[in-house]
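Here are my notes on this entry, set out as numbered points. Please read them with the structure open beside you.

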Amino acid sequence: MATDIATPPRDGKILADGHNYSTLTEKIGDVVQVEPPKMWYVSFAIGFLLLMGMMHSIAVLLFYGVGIWGINIPVGWGFAIVNFVWWIGIGHAGTLISAILLLMRQRWRMSINRFAEAMTLFAVACAGLFPLLHTGRPWFAYWMLPHPNTMELWPQFRSPLIWDVFAVTTYATVSLLFWFVGLVPDLATLRDRAKNPIARTIYGMLAMGWRGSAVHWQRYETAYVLLAGLATPLVVSVHTVVSFDFAVSLVPGWHTTIFPPYFVAGAIYSGFAMVLSLAIPLRAWYKMQDFITDTHLDYMAKVMLATGLVVAYGYGMEIFIAYYSGNPYERALALNRIEGPYAYMYWMLILCNVIAPQFLWIKSVRYSPVLLFILSIVVNIGMWLERYVIVVISLHRDFLPSSWGMYSGTQWDYMLYAGTIGLFLTLMFLFVRFLPMISIFEMRTLLPEAHAHLHNGHAGNGNAGEQKHSVTATPVKEGS
Amino acid sequence: MFTETPPSTPWGLMAEFPTAEALVRAAEKTRDAGYRRIDGYSPFPIEELTDALGHPPSRLPWLVFLGGLAGGLGGYFLQWYTSGTSYPMNAGGRPLHSWVSFIPVTFECTVLGAALTAVFAMLGMNGLPQPYHPVFNVDRFDKASQDGFFLCIRAVDPKFELEGTRSFLNSLGATAVMEVPH
C-alpha cells in the first residue's frame with residue numbers, strides 16, 4: 001500500500017493509488033479506535049470552553065430576558081437572526097454535497113459527504129437555538145407547531161415565519177435521516193472491527209443488525225437515491241423560505257425578488273467555505289490526504305468561486321435596482337449601506353465576499369491548502385457580515401427619520417455567538433472521534449477492483465490485500 | 001426457523017469468494033443450477049449481484065410516492081382547516097383559503113412524508129433492526145462488512161442437500177465453504 005503523505009495525489013485523482021478494501025477500511029475505520037492526534041484535544045478543548053460560555057450566556061438570558069442583548073426598536077432583529085441565517089446557510093453545503101452531487105454522479109463527493117452532512121446537522125442545531133432564544137420564552141416555542149390547545153389557536157400559515165418553522169424542522173429531520181442511513185453500513189464495519197466489547201455493543205445496536213445482504217443493499221440504494229432526490233429541492237427551498245422572512249416584508253433592502261436565489265447561492269458559498277475550513281485541518285491531523293486529495297480542495301474552491309460570483313452579482317443587482325426602480329427609500333437604503341454609519345461593515349463585506357475569492361482563479365491558490373484555509377475563513381466572516389448588513393442596516397433607518405436608531409451587539413450577543421461556534425466544534429470533534437468521518441462503504445466503490453472486472457471481465461491491479469486472507473481460509477466450520 | 005427444517009441440519013451453507021466479480025459469477029451459476037433461497041453478502045452495494053440473484057426491483061419507490069402524497073395532502077388539509085375553518089382570521093384582506101401562502105408548508109410536508117417513508121419502509125422491508133441472525137454465527141462473516149464476499153444457500157431451498165450443495169459451492173471457486181448454524 002502506498003500511503004505516501006509527502007506527495008498527495010494531484011490533478012484529477014480522487015483516491016491515492018495502492019489502496020484496497022482492507023487498507024481503506026483500516027485507515028478510516030481505525031480513527032475511532034486509536035488515540036486521537038494531539039490537535040484533537042486542543043480543538044475539542046477550545047470548542048468545549050466556548051460551549052461553556054454559551055451555557056452561561058443562555059442561563060443569564062433566561063434569567064434576565066432578551067433585554068441583555070443589543071436589540072432595540074427599530075432594530076428588533078439583531079445578532080439572533082444574523083447568526084440564524086449564517087448557520088443555516090453553512091448547513092447547505094452538506095446537503096448539496098451529499099444529495100445534489102450524488103444525483104449528478106460526482107464521485108469525488110464520497111470522501112467529503114459524511115463530515116459535510118455532520119456539519120449540516122450541527123450547523124442546523126446551532127441555527128435553531130437563535131430563533132428559539134429570540135422568542136424570549138423558549139419554553140413556549142411549541143406554540144409555533146400546530147397542535148390542539150385550550151386557547152383554540154392555530155399558527156398563522158400565511159406568515160413566512162411559520163413557513164420557516166416547517167422548512168427548518170423538515171430540513172433538520174431529513175438531514176438526520178440521510179446522515180444516519182449513510183452511516184448504517186459503516187457502523188456495521190465498526191461493530192465487526194471493534195475490540196472493546198462496550199464499543200462493539202454500542203456500534204452493534206446502532207448498526208441494527210446490518211449484514212450487507214444483496215437484497216438489503218438494493219432497497220438501501222433505492223432509499224438513498226430517493227432521499228437524495230427529496231433533499232435536493234428541500235435544500236433549495238430552505239434558504240428560499242429563510243429569504244422570504246425578509247423578502248415578503250415591505251422594508252427597503254429586504255423587499256426584493258432577487259433574495260431567494262441570492263440567499264441560496266450565499267448559503268452554498270458559505271457552506272463550502274466551512275467544509276474547507278474543517279477539511280483542511282482534519283485531513284492534515286488525521287493524515288487523510290489519500291482520500292481528501294488536493295483535487296477535492298480544487299473542486300470545492302471552484303464551487304466557492306462560482307457561488308461567490310453569483311453572490312457578487314446579487315450585490316450588484318441590489319444597487320442597480322435601487323437606482324433603476326426610482327424608489328426613494330430603496331435609493332436611500334443603498335446609499336446608507338455605502339456611506340452610512342455602517343459603511344465599514346459593507347466595505348468589509350465587499351472585500352471578504354467579492355474581492356478575496358477572486359484569488360481562486362489562480363490554480364496555485366486552489367492547490368495551496370494554507371491559502372485556501374485562510375480564504376475560507378475570510379469568506380465565512382464575509383457571509384456573517386452580509387447578514388449583518390442585510391438585517392441591521394435595513395432596520396435601523398426605515399421610512400420615518402424620527403424612528404431611526406443605532407444597533408450594536410452586547411457582550412452577551414458575542415458570547416452566545418462564540419458559544420454556538422463552541423457547540424459546533426464540540427459536536428464536530430465528538431463526531432470525528434466516535435464515527436467514521438469518511439464514508440467507508442462508498443469509498444470501497446471507488447476502488448478499481450469494485451468495478452473493472454464486472455464490466456470488462458479483466459483482472460485489475462492492487463487486489464493483493466484482499467486475496468491475502470482467502471488463501472489461508474479454513475474450508476469448513478462444523479455447525480450444529 | 002426450526003419449524004421449517006429439522007434442527008440437525010444447518011441453517012444454510014455459506015461460501016466465501018475472493019472478489020466481487022467471483023461472487024457475481026457464482027451467484028449467476030447458483031441461480032442457473034436451480035437454487036432459489038440464496039443471498040449474497042458484500043461490503044458495498046453491487047448492482048450486478050442483485051441482478052444475478054434474480055431479485056425483482058424494489059417496490060420502495062411506490063411507497064415513497066404514497067408517503068409524499070399523504071404528507072402533501074395532510075399538510076394542505078392542516079392549513080386549509082386551521083386557517084379557513086377552525087380559526088378563520090382576516091390577514092391583510094387575503095381570502096381565508098389563500099392557497100398561494102399554503103404552498104411552502106405543503107411542499108415541506110410532502111418532502112417530510114416521503115423521506116420518513118423512504119427510511120422507515122427501507123428498514124422495515126429489510127427487517128431491521130434485527131438483533132439476531134444466523135449468518136453472524138459464521139466466524140469469518142465479520143469480513144462481510146470489510147473485505148469479504150459471501151454467498152449463502154439456505155437449507156430450506158428445495159434443491160438443498162448438504163454434501164451435494166457443499167461440493168457445488170466448492171466447484172464455483174469458493175475459497176471456503178462453511179455451515180451456518182442456527
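**Notes on a helix pair and a chain interface**

1. In chain A, helices H4(A) and H8(A) are oblique to each other. The reason is the angle: their axes cross at roughly 120°, and an angle that is neither roughly parallel, roughly antiparallel nor roughly perpendicular (65 to 115 degrees) therefore counts as oblique. H4(A) covers residues 113-134 and H8(A) residues 259-285, and the two axes come within 11 Å.

2. The crossing of H4(A) past H8(A) is right-handed. On the H4(A) side the contact is formed by A:Phe115, A:Ala116 and A:Met119, and on the H8(A) side by A:Met274, A:Val275 and A:Leu278. What kinds of residue make up this contact? Six are nonpolar, with no polar and no charged residues.

3. Please keep in mind that this is a predicted model. Its scores are ipTM 0.91 and pTM 0.89. For chain B the mean pLDDT is 89, and 96% of the residues of chain B reach 70 or more. Where pLDDT is low, the predicted coordinates should not be read in detail.

4. Between the chains, 69 residues of chain B are in contact with 64 residues of chain A. Several elements of chain B supply at least two residues each to the side that touches chain A, among them helix H1 (20-32), helix H3 (60-86) and strand E4 (176-180). Which element of chain B gives the most to that side? It is H4(B), with 14 residues.

5. The side of chain B that touches chain A is mixed in composition: 39 residues are nonpolar, 19 polar and 11 charged.

Methods. Residues are numbered from 1 along each chain as its sequence is written. Chains are lettered from A and ligands numbered from 1 in the order in which they are written. This is a predicted model: local features need pLDDT of at least 70, side-chain atom pairs count only at pLDDT 80 or more; totals for chains, interfaces and linings use all residues. Axes are lines fitted to C-alpha atoms, for helices over the stretch in contact, and angles run from 0 to 180 degrees between N-to-C directions. Helices (H or I, at least four residues) and strands (E, at least two) are DSSP runs, numbered from the N terminus. Angles under 35 degrees count as roughly parallel, over 145 as roughly antiparallel, 65 to 115 as roughly perpendicular and the rest as oblique. A crossing is left-handed if the near helix is turned anticlockwise from the far one by less than a right angle, and right-handed if clockwise. Two residues are in contact if their C-beta atoms, placed from the backbone, lie within 7 Å. Ala, Val, Leu, Ile, Met, Phe, Trp, Tyr, Cys and Pro count as nonpolar, Asp, Glu, Lys and Arg as charged, and the others, Gly among them, as polar. pLDDT is the predictor's confidence in each residue, from 0 to 100.
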